[in-house]
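Work through the exercises below with the sequence and the model side by side. Try each task before reading its solution.

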Amino acid sequence: MSRIISVALFLCISVGVTAQAQHEQPKVVKINDSTYMAPLGANVYLVTTPAGNVVIDTGTAVVAPDARKLLGAESHAPVKYIILTHGHADHIGGIGLWKEPGTQIIAQRNYVELVNYVARLEGFFAPRNAAAFNRPFVEAGPWSGNYGAKIDPTILFDEKYEFTLGEVQFQLFSTSGETPDHLTVWIPKYKTAFIGDNYNGFGEPEPMSFPNLYALRGTKPRWALDWVSSIDKVLVLKPDVLLSGHGDPIVGNPEITRRLIRFRNAIQYIHDEVVKGMNSGKDVFTLMREIKLPASFDMTESFGKVSWSVRGIYDGYAGWFDMNVHDVRIATILRLPGSSQTRRRSGTPGAARTGKIGSRQAGRGSAPDRCRPCL
Ligand SMILES: [Zn+2]
């Protein structure tokens with residue numbers, strides 16, 4: 001039986017397994033003779049080689065023991081590497097269960113800031129996470145400081161990292177998207193790409209959902225153009241098997257290519273519409289109402305909502321100031337309508353609505369010197 005046929009058969013099983021995971025004891029999905037998946041909400045992968053094993057993502061702390069048990073039954077060989085596709089809690093919760101003396105843990109370098117950011121704002125995120133994930137609120141502990149997160153990786157890389165274990169080559173690429181530390185694992189021998197959460201497997205079978213370019217629980221901007229170029233990096237590899245952080249495997253390069261291109265184009269479309277709207281002077285709320293994903297994309301908003309993403313892109317580029325001035329001091333600095341200085345000196349009330357006038361005047365006007373750096 002060819003490897004791909006084997007995968008396809010297991011795919012049929014996996015669809016059921018993923019659905020079962022909510023209610024029944026999940027089972028391991030065999031991708032090929034060396035690659036196994038534990039579908040426990042967040043997928044945990046085990047790749048075996050003659051020289052030891054590689055674990056890719058480790059699940060949440062809650063499901064990690066089950067994943068360890070399921071995948072551990074497939075191989076008792078030592079774990080030589082743990083690769084973290086990104087630093088979200090649902091992918092790093094089981095590190096301690098897999099780590100052995102000598103195990104190397106690999107992440108993209110931005111992992112360090114991501115987990116520090118999460119720890120830095122733990123008290124802020126706690127009630128939001130409880131609401132977002134429908135779980136009991138747990139009071140955050142004492143503030144751990146700005147750089148107080150536990151850093152597990154022993155190997156950090158910027159753009160690319162490669163290693164070979166048991167004659168199986170692993171190539172890791174920085175693919176910023178859902179998080180700035182996202183990476184993709186590519187195994188040329190199996191033509192398999194582990195894409196993490198840069199492609200959400202939710203919506204299998206189709207229609208798939210638009211991604212979460214902004215999560216309501218609170219996130220830094222997820223840069224749309226970075227995400228687009230990261231999808232392109234995966235497309236160039238021409239994978240035959242695509243394994244994501246959630247959801248089911250996708251098998252066959254034509255299907256993978258079709259899905260990834262549509263996914264990438266949807267992000268690009270929304271991004272470009274926001275930028276066009278910003279350049280034409282439209283405010284964020286107008287754009288949130290106006291910008292829609294064309295029906296030809298055939299995508300739902302079950303996971304990521306377009307209007308929230310529009311605001312995420314807009315605010316990510318421009319920040320909070322919307323030229324709607326209620327603060328007299330700001331109005332004075334920018335010499336906008338409402339400022340007594342504007343009325344007295346420019347004689348052009350309303351002219352600053354476009355922003356260009358406001359910023360030009362601010363640069364050459366008589367705003368107090370101490371305020372100029374604010375601009
Ligand atoms: Zn995830």
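Two strands count as paired if DSSP finds at least two bridges between them. The model is predicted.

**Exercise 1. Overview**

Task: State how many helices and strands the protein has, and what share of its residues is buried.

Solution:
- Start with the secondary structure. It comes to 13 helices and 13 strands.
- Then take burial. Of the 375 residues in the protein, 38% are buried.
- Last, look at contacts with a sequence separation of 6 or more. Residues 24 or more positions apart account for 63% of them.

**Exercise 2. The seven-stranded sheet**

Task: Give the strand order of the open sheet, and find which strands stand at the edges.

Solution:
- Trace the order. Seven strands line up as 1-2-3-4-5-6-7, and the pairing is mixed.
- Now find the ends. Strand 1 (29-32) and strand 7 (155-157) each have a single partner strand, so one side of each lacks a neighbour in the sheet.
- Add the twist. On average, neighbouring strands of this sheet are turned by 20 degrees against each other, direction ignored.

**Exercise 3. Strand 2 and its partners**

Task: Describe how strand 2 pairs with strand 1 and with strand 3, then decide whether strand 2 is covered on both faces.

Solution:
- Begin with strand 1. Strand 1 runs antiparallel to strand 2 (residues 35-40), and three bridges join them.
- Place the partners. V29 is opposite M37, and N32 is opposite T35.
- Check the connection. Strands 1 and 2 form a hairpin with two residues between them.
- Move to strand 3. Strands 2 and 3 are antiparallel, with six bridges. Y36 has L46 as its bridge partner in strand 3.
- Inspect the turn. The hairpin of strands 2 and 3 has one residue between the strands, and G41 takes a positive phi near 85 degrees.
- Now test burial. Six of the six residues of strand 2 are buried.
- Split them by face. In a regular strand, side chains alternate between the two faces of the sheet. Here T35, M37 and P39 lie on one side, with Y36, A38 and L40 on the other, and all are buried.

**Exercise 4. Helix 2 over the sheet**

Task: Find which strands helix 2 lies across, and what covers its buried residues.

Solution:
- Locate the helix. Helix 2 (residues 64-72) lies across strand 2 and strand 3 (42-49). Its direction is about 150 degrees to strand 2.
- List the buried residues. In helix 2 these are A64, A67, R68, L70 and L71.
- Identify the cover. It includes strand 2, strand 3 and helix 4 (95-98).

**Exercise 5. Strand 6 between its neighbours**

Task: Show how strand 6 pairs on each side, and say how enclosed it is.

Solution:
- Take strand 5 (residues 79-83). It pairs with strand 6 in the parallel sense over three bridges. I83 is bridged to I106 of strand 6.
- Take strand 7. It also runs parallel to strand 6, and three bridges join the two. I106 is bridged to I155 of strand 7.
- Count buried residues. Four of the five residues of strand 6 (residues 104-108) are buried, so strand 6 is largely enclosed by the rest of the structure.

**Exercise 6. The core and a helix crossing**

Task: Name the best-connected members of the largest nonpolar core, then describe how helix 8 meets helix 10.

Solution:
- Start with the core. It holds 72 residues, of which Y45, I82, I83 and V185 touch the most other members.
- Find the main contributor. Helix 8 (residues 253-279) gives the most to this core, with seven residues.
- Follow I82. Beyond four places in sequence, I82 touches V55, T58, I95, W98, K99, T103 and I105.
- Turn to the crossing. The axes of helix 8 and helix 10 come within 10 Å and cross at roughly 55 degrees. Helix 8 is therefore oblique to helix 10.
- Give the hand. The crossing is right-handed.
- Map the contact. I270, H271, V274 and M278 of helix 8 meet V306, S309, V310, I313, Y314, Y317 and A318 of helix 10.

**Exercise 7. Two positive phi angles**

Task: Place K238 and D298 in their loops, and decide whether each is buried or exposed.

Solution:
- Recall the rule. Most residues other than glycine have a negative phi.
- Take K238. Its phi is positive, about 55 degrees, although it is not a glycine. K238 is in the loop between helix 7 (224-237) and strand 12 (241-244).
- Count its neighbours. K238 has 11 C-beta neighbours inside 10 Å, so it counts as exposed.
- Take D298. It is not a glycine either, yet its phi is positive at about 50 degrees. D298 is in the loop between helix 9 (284-290) and helix 10 (306-318).
- Count again. With 12 other C-beta atoms within 10 Å, D298 is exposed.

Terms used: Residues are numbered from 1 along each chain as its sequence is written. This is a predicted model: local features need pLDDT of at least 70, side-chain atom pairs count only at pLDDT 80 or more; totals for chains, interfaces and linings use all residues. A nonpolar core is a set of buried Ala, Val, Leu, Ile, Met, Phe, Trp, Tyr and Cys residues joined through C-beta atoms within 7 Å. A residue is buried if 20 or more other C-beta atoms lie within 10 Å of its own, exposed if 12 or fewer, and partly exposed in between; C-beta atoms are placed from the backbone. Two residues are in contact if their C-beta atoms, placed from the backbone, lie within 7 Å. Axes are lines fitted to C-alpha atoms, for helices over the stretch in contact, and angles run from 0 to 180 degrees between N-to-C directions. Angles under 35 degrees count as roughly parallel, over 145 as roughly antiparallel, 65 to 115 as roughly perpendicular and the rest as oblique. A crossing is left-handed if the near helix is turned anticlockwise from the far one by less than a right angle, and right-handed if clockwise.
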